[in-house]
Amino acid sequence: MIIQLIIPLSGTVDIRNYMQIDLKNIHFAYPVRPDIPVLSGLSCTINQGELIGVIGKTGSGKSTFLQLCTGFLFPNSGKIRIDGTEMTKAKDWSTVRRKLGFVFQFPEKQLFEESVFADVAFGISKYIDEKDEIKRRGHAALEEMGLPPEEFAERSPHHLSSGEQRRVALAGIIVLEPEMLFLDEPTIGLDQKGASEVESIITRFHRNGKTVCVVSHNLDFIVRIAERILVIAGRTIKFDGTKNLLFSNNGLLQSFELEKPEIVALCEAIAEQQKINIQGIYTIGELIDSLTRAMNSQKTRV
Amino acid sequence: MIKCLNLCVDYTHDKNKSIAALNNLSFDIRDSEFIGVIGPNGSGKSTLAFCVAGLQPLTSGTIEIDGRDIHDLIKTSEIRDVIGIVFQNPDDQLLTNMVEHEIAFALENRSVPKDEMVKRVDEIMHRFQIADLKGQSPNQLSGGQKQKLALASVMIANPKYLILDEPTSFLDMPDRRMILRQLRVEFQERAHEGFSIIFITQFPREAAACSRIIVLDNGQIAADDTPENLFTTQQTLFNSIGVEVPIEYQIKKAVPGIQVPANIFDYSINNPA
């Protein structure tokens with residue numbers, strides 16, 4: 001087994017939990033349309049501690065890609081290895097299943113228990129028998145999601161706001177203590193408050209040395225959190241690199257029919273108008289700081 | 001004109017506990033208006049849409065549409081001729097197995113003669129630039145195309161008022177722009193007949209395309225003004241209720257003296273995208 005050491009930006013990687021997913025030359029078509037492959041000749045490696053943003057047009061195969069990475073779908077051909085071990089059958093996946101957390105689109109639609117705690121405990125109670133341990137971990141997960149258990153544990157999940165429901169669904173995954181978290185459009189349908197709560201949960205999870213792979217068409221969200229970007233287009237990964245590289249290259253973006261994140265478009269427009277250099281800025285706070293500095297130095301010069 | 005007076009809607013959840021989705025809310029929708037409605041999740045946006053469309057009974061309050069009580073219009077089913085509604089998820093309202101049948105559905109129900117029906121379906125498919133989808137099943141379309149189809153199927157009945165309940169929240173940027181563009185076309189085409197659009201959206205950026213924005217919070221109107229005034233003067237309100245102010249307005253406020261180029265994100269009705 002070859003272990004490639006990656007130093008995360010922050011946090012620590014526990015070498016015993018090290019995980020790497022390696023996809024080689026993957027072909028996949030849905031059984032209803034076997035003649036039309038969704039993905040073809042796709043290869044990539046996901047390393048421990050990375051936060052990867054997966055983007056691409058609607059229908060490009062982003063969700064399919066996530067489901068292949070996690071063994072919810074099986075490729076028609078090609079190889080998927082986890083830590084060097086080839087995954088061929090469902091049984092291979094069952095041994096790593098617990099380490100791979102998957103958050104579907106609109107995960108709150110899967111909430112079905114009568115209390116928030118029961119829903120969070122549903123998955124983990126399949127693995128753990130001790131009631132106290134389930135309770136301890138369930139409550140810890142709710143706490144982690146910003147849902148204090150004393151307030152939320154006994155409430156019905158169906159009477160919460162959509163942002164709270166989404167976090168309950170996330171708690172049900174986090175409680176399993178996965179090493180890698182895969183999320184499909186985690187902010188869709190949420191307002192700004194709900195979306196930023198989900199965003200900070202994801203970044204916190206990543207800071208603990210865990211791996212995150214997130215699909216979204218909200219590019220402003222992607223550039224805020226991810227460093228490495230995969231663009232899926234034309235049935236395969238057409239770009240695999242840093243966000244700086246992708247979003248400073250207009251030709252590349254156009255060829256993938258991707259729009260610029262608003263923050264990038266705004267930076268460029270201001271930079272041109274004010275004749276100043278602002279690059280590599282992805283949050284509104286950074287832009288305000290940078291512009292304030294630029295304005296002050298202009299004043300000093302005058 | 002639609003006059004909403006003291007609208008209250010309570011949803012009963014747990015025993016003995018009801019939640020006010022709309023709380024004594026009053027406002028008017030004038031003829032030829034393109035109104036945006038924004039607010040956080042759970043502020044009552046969809047409830048308001050359903051009330052005005054006659055799909056949600058009021059706990060108290062009155063709605064008057066062009067001088068007639070909404071209950072009269074509901075009783076005679078006339079409300080369906082006056083008001084069209086497009087839901088958040090097009091799968092909730094597409095129900096046939098072919099694109100042109102979907103569009104013809106409203107006309108079939110109104111016993112429109114075959115010749116006229118074919119003509120009008122053709123016409124609207126061209127206006128919506130979906131003529132190439134003829135013969136396809138709505139199920140095979142992308143999210144954006146489905147939403148455009150849902151919009152066409154509603155607009156073919158020529159409603160005087162069009163209500164849209166977050167029609168863009170599941171779409172990506174190019175599709176969101178496409179829907180916005182189509183709404184502009186529809187508004188320009190029919191505003192002289194008094195046609196009004198009530199556009200509910202979770203993206204304040206899109207509401208900036210409207211002539212007037214209503215901000216809802218906790219079932220009440222928190223603000224009602226032009227986009228420019230709202231985004232310039234009400235940033236504290238937006239922050240407190242958790243609704244994002246479009247970033248160029250945030251920058252203008254936080255960095256005094258900064259020149260932000262106009263129209264970089266312009267969705268406005270007059271901007272021909």
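**Figure 1. Buried residues of helix α1(A).** In α1(A), the buried residues are Lys62(A), Thr64(A), Phe65(A), Leu66(A), Leu68(A) and Cys69(A). The structure shown here and in the other figures is a predicted model. Helix α1 of chain A covers residues 62-69, and 6 of these 8 residues are buried, so the helix is largely enclosed by the rest of the structure. The cover over the buried residues of α1(A) includes strands of chain A, namely β1 (21-28), β2 (39-46), β3 (51-55), β7 (180-184), β8 (211-215) and β9 (228-233). Just after α1(A) comes Gly71(A), which has a positive phi of about 75°.

**Figure 2. Strand β3 of chain B and the residues on its two sides.** Strand β3(B) consists of residues 34-38 and is mostly covered, with 5 of its 5 residues buried. Phe34(B), Gly36(B) and Ile38(B) point one way from the strand. Ile35(B) and Val37(B) point the other way. The residues on both sides are all buried.

**Figure 3. Pairing of β3(B) with strands β8(B) and β9(B).** Strand β8 of chain B, residues 196-200, runs parallel to β3(B) and is joined to it by 4 bridges. Within this pairing, Val37(B) of β3(B) has Ile200(B) in β8(B) as its bridge partner. Strand β9 of chain B, residues 212-217, also runs parallel to β3(B), and 4 bridges join the two. Here the bridge partner of Gly36(B) is Ile213(B) in β9(B). Val37(B) and Gly36(B), which have these partners, point opposite ways from β3(B).

**Figure 4. Chain B as a whole.** Chain B contains 11 helices and 10 strands. Its radius of gyration is 19 Å, close to the 19 Å that the globule rule gives for 273 residues, so chain B is as compact as a globular protein of that length. The C-alpha trace of chain B spans about 60 × 50 × 35 Å along its principal axes. Of the 273 residues in chain B, 45% are buried. Among contacts in chain B with a separation of 6 or more, 68% are between residues 24 or more positions apart.

**Figure 5. The contact between chain A and chain B.** Chain A puts 30 residues into the contact, and chain B puts in 31 residues. On the side of chain A that touches chain B, at least two residues come from each of α6 (162-174), α7 (192-207), α11 (262-274) and α12 (284-301) of chain A. Helix α11(A) gives the most to this side, with 8 residues. By class, the residues of the side of chain A that touches chain B are 12 nonpolar, 13 polar and 5 charged.

**Figure 6. The two domains of chain A and the contact between them.** Chain A is divided into domain 1, residues 15-260, and domain 2, residues 261-302. The C-alpha centres of the two domains of chain A are 33 Å apart. Domain 1 of chain A gives 8 residues to the contact, and domain 2 of chain A gives 9 residues. On the side of domain 1 that touches domain 2, the elements of chain A that give two or more residues are α8 (219-225) and α9 (243-247). The largest share of that side, 4 residues, comes from α8(A). The side of domain 1 of chain A that touches domain 2 of chain A has 3 nonpolar, 2 polar and 3 charged residues.

Methods
Residues are numbered from 1 along each chain as its sequence is written. Chains are lettered from A and ligands numbered from 1 in the order in which they are written. This is a predicted model: local features need pLDDT of at least 70, side-chain atom pairs count only at pLDDT 80 or more; totals for chains, interfaces and linings use all residues. Two residues are in contact if their C-beta atoms, placed from the backbone, lie within 7 Å. Ala, Val, Leu, Ile, Met, Phe, Trp, Tyr, Cys and Pro count as nonpolar, Asp, Glu, Lys and Arg as charged, and the others, Gly among them, as polar. A residue is buried if 20 or more other C-beta atoms lie within 10 Å of its own, exposed if 12 or fewer, and partly exposed in between; C-beta atoms are placed from the backbone. Two strands pair if DSSP finds at least two bridges between them. The radius of gyration is taken over C-alpha atoms; the globule rule is 2.2 Å times the number of residues to the power 0.38. Domain bounds come from an automatic or database domain assignment.
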